[in-house]
Every structure is written in C-alpha cells, then in structure tokens.
Amino acid sequence: MFAALAQNIEHVVRGKRDKIELALVCLLAEGHLLVEDVPGVGKTTLARAVAASVDARWTRVQFTPDLLPSDITGVSIFNQAGNAFEFHPGPIFANLVVADEINRGSPKTQSALLEVMEERRVTVEGTPHPVPRPFLVLATQNPVDMDGTYPLPEAQLDRFLMRISMGYPDHRAEVEVLAGRPSGALLDRLPAVATRDDVAAMIDFAARLHVAAPLYDYVVRVVAATRGHEDLRLGASPRASLALLRAGRVRAAAAGRSYLVPEDVKALAVPVIAHRLLVTPEAELRGRTGADVVADVLATVPAPQAAGV
C-alpha cells in the first residue's frame, strides 16, 4: 500500500521519490510536514497529491496576514431557534489540511494550530472538539520571499515531525514535466488508492513494530547529543526522540521489515531533527546549519551493532 501511494503521487511529482516517501512516512507516523523551498518546485503539488491519493476529507487554507484564528478552527454562532450557541467547525476539521504559505499568517493565527497539531483537538469557548483520524497538517512556506511573512516560532516548528525541501528537478524529470500534461490537470484526475480506514490500519501496524532496547538507547543518545553541541543554542527536545522513533517504525514497515534498524534512524535524523535546532550566531556566520550539526552527531554517536539489535 505504501508503494502504491508513492507511485500514484509520482504521476504528478516527477523525480522526487525520496521526498514523496518522506511525506508518506510523516502521514503514517501521525506527524505533520513542513515543505520549505523556493517558488515553483512543486511544494503545493506534493501536498495536493498526497491529499488526492487518500479517499478522505481534505481542505486547503491559504494563509494571509488578515486570516483570523476562527477562520481555521471554527466559531460558535447563536441559533435563535434552539436558543443556544452552535459550533461551526472550520477547515482544520479534516483528515489532511494543506496550509499553503503558512508563514504569511500572523503569529496570532499561527498559534491557533498549536493545540490541534499536538493534541488532535480544538478548544473553543472551553469545549474541546476532536479532529478526525488520520490527521495531517501539510504546510508549505517560501524561505526567500520575506515581505509580509512571519517566521514560525520554535514551539510551532517543534510540532512538525519533519521539514523537507523539494529541490529543483533533474534534467530528465523537468523534460518529462514539459512533455506531459499540466500538473493541475493530472491532479484533477489523480485517483485515490487508499481509504481513510486503510491509512488508519497502516498507522496501527507501524506503531506495533518491534524496537530492540539498543535502538531506544541509540535514538535518545542521538537527540541528546544535540543539546550540548557547541554550535547550538537550543538542542532537540524529547518530542524529537518520539518523532524519530515513530518515523523510523514507518520506514521499517515500508521496507518490509517488522523491526527497526540503525539505518532507519540515520536516514530520518536530518528531516526530523534539523528544524528543531537553533544555531549560534557565530556558527551561522561560518555557514553551519542544523543539518550539519545532525550529520556531526550521527558521525560521532556509535550505532548499535547488528548482534545487539
């Protein structure tokens, strides 16, 4: 099923199989995905293709500076017939929510996502309203166009299980894009290859995968190594450890294994951990990034041997 989903999305997102698989890992790990890159490389197309491939309810929110929190979460409206307030849910009550250009929303609007991304519920006037399962916020943002944008706060970045960049397509993939149909037309015809129940079953299956004790220790040591790194002023929190473990289980299941191996952790460490780190100004002047620090950590923290796994 994982391969069928990836192949279906690849009909409209050419030459990016690795990014497609990361997006699906994020979905099946019950996390949220931030796609950050320059305009025109397929960020929104990837988001729409993931949503179209699953027969579930999906919505799209275009973030703008005048967007209000109630435009996302919903609002209570007084019903004169019933002489009571009724809650009218907003677009966040969907299985897949495409948050386009999320950094164009004001900090007040962005804060409306904090509760639902972590707790899978929205509290309006003291009443909690759960969102459906599965639930994925797939957000896009443009890192180079800074006019009218608001940087995402660390608390919100930490709630994204992964951050990825699409990158430019290679020559062959770009030629295929030019020779094929426009991506919009293909998206409109893209069939759903999995139901909401299929996705929920895949989530439950991956969550039961065996993890040996040395792998738990390895994940914690990798994340903990960022907290004392000389190039960082903020390391990764325990939420990063949980995210890395959940994502690793999904990757192992997608590879046809019933157990986690160190390679799963290494392959996912950068997209899961790097965006949670704050680099010191001195290291930033030297051109260091969070991804560089994660690479250093993976090179220095010894992985469990096969016999121990």
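**Exercise 1. The hairpin of S7 and S8**

Task: Determine which residue of S8 stands opposite Arg121, and describe how S7 and S8 pair.

Solution. Step 1: Arg121 stands opposite Pro130 in S8. This is a predicted model, in which local features need pLDDT of at least 70, side-chain atom pairs count only at pLDDT 80 or more, and totals for chains, interfaces and linings use all residues. Residues are numbered from 1 along each chain as its sequence is written, and side-chain values use heavy atoms, with hydrogens and water left out.

Step 2: Strand S7 covers residues 121-124 and strand S8 covers residues 127-130; the two pair in the antiparallel sense over four bridges. Two strands pair if DSSP finds at least two bridges between them. Helices (H or I, at least four residues) and strands (E, at least two) are DSSP runs, numbered from the N terminus.

Step 3: Two residues lie between the strands of this hairpin, and Glu125 takes a positive phi near 55°.

Step 4: In a regular strand the side chains alternate between the two faces of the sheet. Along S7, Val122 and Val124 point to one face and are buried, whereas Arg121 and Thr123 point to the other and are not. Buried means under 20% relative accessible area, exposed over 50%, and partly exposed in between (1.4 Å probe, protein chains only).

**Exercise 2. The hairpin of S4 and S5**

Task: State how many bridges join S4 to S5, and identify the bridge partner of Phe78.

Solution. Step 1: Strand S4 (residues 74-79) and strand S5 (residues 84-89) run antiparallel and are joined by six bridges.

Step 2: Phe78 has Phe85 in S5 as its bridge partner.

Step 3: Four residues lie between these strands, and Asn83 takes a positive phi near 55°.

**Exercise 3. Aromatic rings**

Task: Classify the aromatic pair found by a search of the whole structure.

Solution. Step 1: The search finds one aromatic pair. Rings of Phe, Tyr and Trp (its six-membered ring) pair if their centres lie within 6.5 Å; planes under 30 degrees apart count as stacked, over 60 as edge-to-face and the rest as tilted.

Step 2: The ring centres of Phe87 and Phe93 are 5.7 Å apart and their planes stand at 70°, so the pair is edge-to-face.

Step 3: Phe87 has a relative accessible area of 22% and is therefore partly exposed. Phe93, at 12% relative accessibility, counts as buried.

**Exercise 4. The nonpolar cores**

Task: Describe the largest nonpolar core and the part that Met162 takes in it.

Solution. Step 1: A nonpolar core is a set of buried Ala, Val, Leu, Ile, Met, Phe, Trp, Tyr and Cys residues joined through side-chain atoms within 4.5 Å. The largest one has 74 residues, and those with the most contacts inside it are Leu46, Met162, Val272 and Ile273.

Step 2: Helix H2 (residues 17-28) supplies the largest share of this core, eight residues. At least three residues come from each of domain 1 (1-198) and domain 2 (209-300).

Step 3: Contact means heavy atoms within 4.5 Å. Leaving aside neighbours within four places in sequence, the contacts of Met162 include Leu22, Val25, Leu268 and Val272.

Step 4: A second, separate core of 23 residues includes Leu34, Ile92, Ala94 and Phe135.

**Exercise 5. The two domains**

Task: Give the distance between the C-alpha centres of domain 1 and domain 2, and describe their contact.

Solution. Step 1: The protein chain is divided into domain 1 (1-198) and domain 2 (209-300); such bounds come from an automatic or database domain assignment.

Step 2: The C-alpha centres of the two domains lie 24 Å apart.

Step 3: In domain 1, 18 residues are in contact with 16 residues of domain 2.

**Exercise 6. Surroundings of Val116 and Tyr150**

Task: Decide whether Val116 and Tyr150 are buried or partly exposed, and name residues that they touch.

Solution. Step 1: Val116 is found in helix H6 (residues 112-119). At 1% relative accessibility, Val116 counts as buried.

Step 2: Not counting residues up to four places away in sequence, Val116 touches Ile92, Arg121, Val122, Val131 and Phe135.

Step 3: Tyr150 is found in the loop between strand S9 (136-141) and helix H7 (154-157). With a relative accessible area of 31%, Tyr150 is partly exposed.

Step 4: With residues up to four places away in sequence not counted, Tyr150 touches several residues, among them Pro65, Asn103, Arg104 and Gln110.
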